Amino acid sequence: RESAEIRRELAAIDQARNSKIDSLLSAARKARIDRDYAKARTLYRRLLDYNPQHAAKTELSAMEAEIDTSIATALNDARRHMFNHKYQAALSSYREVLDLDPANKDALAGLEKGRNMLKSSIDGFVKSGQMALDKGDFNAAEADFNKVLTLDPYNSDAKEALQRLEKIRLAGARKGDENKLYLRGIELYTKGKYAEAVAAWQQVLVISPNHDKAKMNIEKAQRKLQKIKEFQGG
């Protein structure tokens, strides 16, 4: 039945509904500008639940087309980076796709392949760096290990190798000096200069970390030093 009270209630309902629609539209547009497409999509759809014929329907369609374009661009970028062996950049582009479309099969497959290629590249530089280090080509070794850290800033193998290179340079030792330093340690040890012998053998290990005789002699000399310390303390 017609009554002023019912008309007022209907007007209030329409006003609240329109206010909610305006709020959702504003929030959806802001999310779209911020490229938070998932949030924008949810807001547009909530708005259309209130009014299926609202002009926001056109905006939503335009945004979906924008998303498709962004996905295609990011996938092309990722493939180009992969072709140029820029695996970190490729992974970044694939992740951008997955931010827009978490189930995108191309991006998921590309991400896995990119990670494998990045690991393979890192392993290759580590291997060549170790070979250069073993040959005494310190400049080449340093270049390879720095490439590793460019790809993986937290790579422990590269960090340890660069620290070893720094020690070698500070000690003034070179590849091929191992035998001379080892014999120098023997000489010092036989003279009872155990601490100096340990220092010489430690230089051997800087150049050649797997020098077993130097390791055993260091332990032997350190035991001697410990006994001397205990005797003096007593």
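This tour goes through three helix pairs and one aromatic pair in a predicted model.

**Colour by confidence**

Start with the whole chain coloured by pLDDT. The mean is 87, and 94% of the residues reach 70 or more. Select helix H7, residues 156–171, for the lowest confidence in the chain, a mean of 79. The highest is in H3, with a mean of 94.

**H3 and H4**

Next select residues 56–83, helix H3, together with residues 87–100, helix H4. Their axes come within 8 Å and cross at roughly 160°. An angle over 145 degrees counts as roughly antiparallel, so that is how H3 runs relative to H4. The crossing of these two helices is left-handed.

Now show side chains. On the H3 side the contact includes Ile-67, Ser-70, Ile-71, Ala-74 and Leu-75, and further along Asp-77, Ala-78, Arg-79, His-81 and Met-82. On the H4 side, select Tyr-87, Ala-89, Ala-90, Ser-93, Tyr-94, Glu-96, Val-97 and Leu-100. Sorted by class, the contact has 12 nonpolar, 3 polar and 3 charged residues.

**H1 against H3**

Keep H3 on screen and add helix H1, residues 4–33. The two pack at about 15°, with axes 12 Å apart. H1 and H3 are therefore roughly parallel to each other, and H1 passes H3 in a left-handed crossing.

To see the contact, pick Leu-25, Arg-29 and Arg-32 in H1. They meet Ala-56, Glu-59, Ala-62, Met-63 and Glu-66 in H3. By class, this contact holds 4 nonpolar and 4 charged residues, with no polar ones.

**H8 and H9**

Move on to helix H8, residues 178–190, and helix H9, residues 194–207. Their axes lie 8 Å apart at an angle of about 165°, which makes H8 roughly antiparallel to H9. H8 passes H9 in a left-handed crossing.

Display Glu-178, Leu-181, Tyr-182, Gly-185, Ile-186, Leu-188 and Tyr-189 from H8. Facing them from H9 are Tyr-194, Glu-196, Ala-197, Ala-200, Trp-201, Gln-203, Val-204 and Ile-207. The classes here are 11 nonpolar, 2 polar and 2 charged residues.

**The ring pair between H8 and H9**

The whole structure has 3 aromatic pairs. For one of them, zoom in on Tyr-182 and Trp-201: the ring centres are 6.4 Å apart and the planes stand at 40°, so the pair is tilted. Tyr-182 belongs to H8 and Trp-201 to H9, so the pair ties together parts that are 19 residues apart in sequence.

Technical notes:
Residues numbered from 1 in each chain as written. Predicted model: local features only at pLDDT ≥ 70, side-chain atom pairs only at ≥ 80, totals over all residues. Heavy atoms only, no water. Axes fitted to C-alpha atoms, helices over the stretch in contact; angles between N-to-C directions. Helix = DSSP H or I, 4+ residues; strand = E, 2+ residues; numbered from the N terminus. Parallel < 35°, antiparallel > 145°, perpendicular 65-115°, else oblique. Left-handed = near helix turned anticlockwise from the far one by under 90°. Contact = heavy atoms within 4.5 Å. Nonpolar A, V, L, I, M, F, W, Y, C, P; charged D, E, K, R; others polar. pLDDT = per-residue confidence, 0-100. Phe/Tyr/Trp six-rings, centres within 6.5 Å; stacked < 30°, edge-to-face > 60°.
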